[in-house]
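This report looks at charged side-chain pairs and at the nonpolar interior of one protein chain. The sequence and the structure come next, and the discussion follows them.

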Amino acid sequence: MFTLIETKPVADDHYLLTLHCDAKESIPGQFINIKVNTSTDPLIRRPFSIFDHDQTTIHIVIRVVGKGTERIVALHPGPVDCIGPFGKGFSVVTGKKALLVGGGVGNAPLYYLAKMLRRVNTQVTYIYGSRSASHIFLLDRYQELSHTCIVTTDDGSLGIKGNPIDVAKDIVAKHKFDIVYTCGPEIMMKRLSRELSHIPIEASLERYFGCGVGLCSGCAVATINGYRRACIDGPVFDAHTVLWDTP
């Protein structure tokens, strides 16, 4: 059972949804699947990474990109047709040094991950990438959890002008990290995996999941071990095993 408690805007076209649920535990990187019940259009559920989870309260960040997301953020408080948490999440390493690289709404699951990493004494360096300052959501929360938090924007409206990959390369050249975690546009994660090939990287792939439970295979990901279903074998994968150029 999921119940929508509150929806509030947190950046341009981005909304934070607070839901009450029966699930008391989840793993950073897992997702929930929401269905809009007002009509048969859109028919397919929409997957959203968990931004935070505390006891029976789950938070997700939604970027409005079409009819489905428009209807979800317009829902009134009350019962929601939602299933989850599903999927393979990030590993939470203890007592290490971790670099987290997020792009756009892909920053959402990395907040929950950073929170869990801090609980097990892992040092968090965070690179928050965004199109512009107006699209950055809840930055103060990321800053509170990070030992170091660096912002990059495509237009230079906040932080460093440019993309997070160049910043990540510069940081890794100066400091040693045990692991890199990333979520964002696939072109960003593809380049990150190639530029930092000497470091373990876990990447959360942003895919649409038709069913979310491995039945439809509509979210197939090409890897060196064959095709895998992002909804149950992921969405978190070893970035160095993903065949980024294979459809």
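In this predicted model, a network of salt bridges links D166, K169, R191 and E195. Two members of that network, E195 and R191, form a salt bridge in which the closest N and O atoms are 3.6 Å apart, and both of these residues lie in helix α5 (residues 186-195), where they are 4 residues apart, about one turn of the helix. R191 is partly exposed, with a relative accessible area of 30%, and E195 is likewise partly exposed, at 34%.

Helix α5 also takes part in a salt bridge through R194, whose side chain meets that of D245 at 2.6 Å, N to O. This pair links distant parts of the chain, since D245 belongs to the segment after β15 (236-238) while R194 is in helix α5, the two being 51 residues apart. D245 counts as exposed because its relative accessible area of 51% is over the 50% cut-off, whereas R194, with a relative accessibility of 49%, counts as partly exposed.

A further salt bridge joins K176 and D178, with 3.6 Å between the closest N and O atoms. Here K176 is exposed, at 63% relative accessible area, while D178 is partly exposed, at 29%. The count of salt bridges in the model comes to 9, and the three pairs described above are set out below.

| Salt bridge | N to O distance |
|---|---|
| K176 and D178 | 3.6 Å |
| E195 and R191 | 3.6 Å |
| D245 and R194 | 2.6 Å |

The nonpolar interior is the next topic. In soluble globular proteins, nonpolar side chains tend to be buried together. In this model the largest nonpolar core has 29 residues, and those with the most contacts inside it are F51, L100, L110, Y128, F137 and Y181. At least two residues of this core are supplied by each of β1 (2-11), β7 (97-103), α2 (108-119), β8 (123-130), α3 (139-145) and β11 (179-183), and α2 gives the most, with 6 residues. Apart from this core lies another one, of 28 residues, which includes V101, V172, L196 and I199.

Which residues does Y128 touch, leaving aside those up to four places away in sequence? Y128 is in contact with G102, N107, H135, I136, F137, L139, Y142, I150, V151 and T152. One of these, F137, is also named with Y128 among the residues that have the most contacts inside the largest core.

Notes. Residues numbered from 1 in each chain as written. Predicted model: local features only at pLDDT ≥ 70, side-chain atom pairs only at ≥ 80, totals over all residues. Heavy atoms only, no water. Salt bridge = Lys/Arg side-chain N within 4 Å of Asp/Glu carboxyl O. Buried < 20%, exposed > 50% of the residue type's maximum accessible area, 1.4 Å probe, protein only. Core = buried A, V, L, I, M, F, W, Y, C linked by side-chain atoms within 4.5 Å. Contact = heavy atoms within 4.5 Å.
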